[in-house]
Amino acid sequence: MTSPLTPTTLSTDEARERLGELTVIDVRTPGEYASGHLPGALNIPLDHIRRALPEIRHAAGRGDVLVVCASGARSENACKLLAEQGIPTATLAGGTTGWAAQGHDLHQPAACDTRARWSMERQVRFTAGAVVLLGLLLGLLVHPAFQLVSAGIAGGLVFSALTDTCGMAAMLGKLPHNRPRAADLDATLAALRGR
């Protein structure tokens, strides 16, 4: 019986030194990816990783694969999933946030889409804050029971922190502006097959 693969973690300096030889997969939403990503990174959102398994396996057979996200949590989840499939990967310590904090450049797609992009963390903070305020306002103006909405969001935030998961981010990730266009994902998978 073979032992399961253990994903490794690269520091920003290690990743920068090896960037030319790595296949970098960014598992954030397309909006987050567009706001800035590691040079040469390909965008495959976390919920599309299973669809991309054959292409990622092919890329891993030709060289090392680095999986990145904003902070490292989603990329760790992706690396675990890939390890279960026998695909060796590494994650970037601190994610793209750590990369940028070290003074390394983040690339942005061509200026064909100039809409402002919000990170998933910012989208979650905005949504949670808006729902809490709405619950409190409705509790004051309509019926006190609406304050339970605010309590529910608070409980969800505590659960999110304790489990390092985020149900609200998963729901927001399904909104159209956070979804890859089919053509974009197909192009990314073709690029992976070509490596």
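Here a biologist and a modeller talk through how the terms used for this predicted model are earned.

Biologist: What should I keep in mind about the ground rules?

Modeller: This is a predicted model, where local features need pLDDT of at least 70 and side-chain atom pairs count only at pLDDT 80 or more, while totals for chains, interfaces and linings use all residues. Residues are numbered from 1 along each chain as its sequence is written, and side-chain values use heavy atoms, with hydrogens and water left out.

Biologist: What pLDDT does the protein average, and which elements score lowest and highest?

Modeller: On pLDDT, the predictor's confidence in each residue from 0 to 100, the protein averages 86, and 91% of the residues score at least 70. Among the elements, helix α9 (residues 182-193) has the lowest mean, 78, and β4 the highest, 96. Where pLDDT is low, the predicted coordinates should not be read in detail.

Biologist: What makes α6 a helix, and how does its reach compare with the span expected?

Modeller: Helices are DSSP runs of H or I with at least four residues, strands are E runs of at least two, and both are numbered from the N terminus. Helix α6 (residues 120-141) has 22 residues. The expected span is 1.5 Å times one less than the number of residues; α6 reaches 31 Å from its first C-alpha to its last, close to the 32 Å expected.

Biologist: Why are the buried residues of α6 said to lie on the same side?

Modeller: Buried means under 20% relative accessible area, exposed over 50%, and partly exposed in between (1.4 Å probe, protein chains only). By that rule Met-120, Gln-123, Val-124, Ala-128, Gly-135 and Gly-139 are the buried residues of α6. They cover an arc of only 125° around the axis, which puts them on the same side of α6; the arc is that of the directions from the helix axis to the C-beta atoms. On the other side, Arg-125, Phe-126, Leu-133, Leu-140 and Leu-141 are exposed.

Biologist: What makes β1 and β3 edge strands?

Modeller: Two strands pair if DSSP finds at least two bridges between them. The open sheet of five strands runs in the order β1-β5-β4-β2-β3, with parallel pairing. β1 (8-10) and β3 (42-43) each have a single partner strand, so one side of each is left without a neighbour in the sheet.

Biologist: How many bridges join β4 to β5?

Modeller: There are two, in the parallel sense, which meets the requirement of at least two bridges for pairing. One bridge partner of Leu-66 is Ala-90 in β5.
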